[in-house]
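Me: I would like to learn how to read a structural model with some care, going feature by feature. Could we take one together?

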Amino acid sequence: MTDQLQLTADVCQLHNMVHTALRDALTALLTLDTTLAQEVREKEKEIDRTSIRLDEACIAWLNEHPSPSEVSRAVASVKIIAELERLGDYANNIAKMVRRRFCCYDMAPFENVLALIRLMMEHALSMLQDIMQAYGQADAELLLVSALHEKDNIVDQLCRDIYKEIIMAAMVHPWTLEAAIDLQIVVRFIERVADRTTNIAEWLHYAACGQRFQKEASGS
């Protein structure tokens, strides 16, 4: 029989690995630490292996013909594992760019941009921490999911602000165009961290309620 508590704990541990990888990828970018960036790339391989193992555990659980509520929890867990694995990919991509591209750039013109990127990642990781804590406690209050959408809007606004700052810096320092383009890619990765965290929240709502979270129609 599948140990559901252990499976939940293992998924939460996967989150801890992903959280650390994303945090370290950001630190590597801010400090241009290529050694730390390589460590992130190694962590991503462990994240992939763990994701596969947890997927297999969820499938084994479903094969035991669980109750309807357990089916919802197992399906949601599979989806959440997939989202976490993709977040690990974003950390790996940022780390790869630090090693291959950013280490060769003069990043001084982007001091303000990097400060905003740090803030954006902090917001995204805070979202992820909150929702995975709810997953670990099997707590999917509707208010929590709704609040997460509000936090996602903050990240989206930061994304727009950062794009403007990047363009301004590139206009003042035209030789930084390649770095500017690469920073836009990093910002997009962080935006996707927040988006996928919102997906996790919606799957957690599904686990608790047996149906997908319905966003309120705008303009009503």
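What follows is a dialogue about helices, their packing, the core and a few single residues in this predicted model.

Me: Where should I begin with helix α1, and how does its length of 28 residues fit the span from its first C-alpha to its last?

Reply: One can compare the end-to-end distance of a helix with the span expected at 1.5 Å a residue. Helix α1 covers residues 4-31, and its 28 residues reach 41 Å from first C-alpha to last, which is close to the expected 40 Å. For α2, which runs over residues 34-62, the 29 residues should span 42 Å, and the end C-alpha atoms are indeed 42 Å apart, so the two values agree.

Me: What follows α1 in the chain?

Reply: The general idea here is that most residues other than glycine have a negative phi. In this structure α1 is followed by Leu-32, whose phi is positive, near 55 degrees, and this is a residue other than glycine. Leu-32 sits in the loop between α1 and α2, where it counts as partly exposed, with 31% relative accessibility.

Me: How do I read the packing of two helices, and at what angle do α1 and α4 pack?

Reply: The angle is taken between the N-to-C directions of the two helices, and a value over 145 degrees counts as roughly antiparallel. Helix α1 and helix α4, the latter formed by residues 111-136, pack at about 175 degrees with their axes 11 Å apart, and they are therefore roughly antiparallel to each other.

Me: Which residues of α1 and α4 meet?

Reply: From α1 the contact includes Thr-8, Val-11, Cys-12, His-15, His-19 and Leu-22, and from α4 it includes Leu-114, Ile-117, Arg-118, Met-121 and Leu-125. The residues of this contact divide into 13 nonpolar, five polar and two charged.

Me: Which members of the largest nonpolar core touch the most other members?

Reply: A nonpolar core is read as a set of buried nonpolar residues joined through their side chains. The largest one here has 71 residues, and those touching the most other members are Val-11, Leu-22, Leu-84, Phe-102, Ile-117, Met-132 and Leu-183. Helices α1, α2, α3, α4, α5 and α6 each supply at least two residues of this core, and its largest share, 15 residues, comes from α6. Val-11 can serve as an example, since leaving out residues up to four places away in sequence it touches Leu-54, Ile-80, Ile-81, Leu-84, Met-132 and Tyr-135.

Me: Which residues of α2 are buried, and what do they pack against?

Reply: A residue is called buried when its relative accessible area is under 20%. In α2 the buried residues are Leu-36, Ala-37, Val-40, Glu-44, Ile-47, Thr-50, Ser-51, Leu-54, Cys-58 and Trp-61, and they pack against α1 and α3.

Me: Is Val-98 buried or exposed, and which residues does Val-98 touch?

Reply: Val-98 lies in helix α3 and is buried, with a relative accessible area of 0%. Not counting residues up to four places away in sequence, Val-98 touches Ala-28, Leu-29, Leu-32, Asp-33, Thr-34, Ala-37 and Cys-103. Val-98 and Thr-34 are 64 residues apart in sequence, and their C-alpha atoms are 6.4 Å apart in space.

Me: And are the charged residues Lys-96, Asp-89 and Glu-191 buried or partly exposed?

Reply: Each is read from its own accessibility. Lys-96, found in helix α3, is partly exposed, with a relative accessible area of 26%, and its C-alpha is separated by 6.9 Å from that of Ala-37, although the two are 59 residues apart along the chain. Asp-89, which also belongs to helix α3, counts as buried at 15% relative accessibility, and beyond its neighbours within four places in sequence it is in contact with Glu-44 and Asp-48. Glu-191 has its place in helix α6 and counts as buried at 14% relative accessibility; with the sequence neighbours within four places again left aside, Glu-191 is in contact with Met-120, Val-155, Asp-156 and Cys-159.

Me: Which residues are in contact with Tyr-90?

Reply: Tyr-90 lies in helix α3 and is buried, with a relative accessible area of 4%. Leaving aside its neighbours within four places in sequence, Tyr-90 is in contact with Leu-22, Phe-189, Arg-192, Val-193 and Arg-196.

Technical notes. Residues numbered from 1 in each chain as written. Predicted model: local features only at pLDDT ≥ 70, side-chain atom pairs only at ≥ 80, totals over all residues. Heavy atoms only, no water. Axes fitted to C-alpha atoms, helices over the stretch in contact; angles between N-to-C directions. Helix = DSSP H or I, 4+ residues; strand = E, 2+ residues; numbered from the N terminus. Parallel < 35°, antiparallel > 145°, perpendicular 65-115°, else oblique. Contact = heavy atoms within 4.5 Å. Nonpolar A, V, L, I, M, F, W, Y, C, P; charged D, E, K, R; others polar. Expected span 1.5 Å × (residues − 1). Core = buried A, V, L, I, M, F, W, Y, C linked by side-chain atoms within 4.5 Å. Buried < 20%, exposed > 50% of the residue type's maximum accessible area, 1.4 Å probe, protein only.
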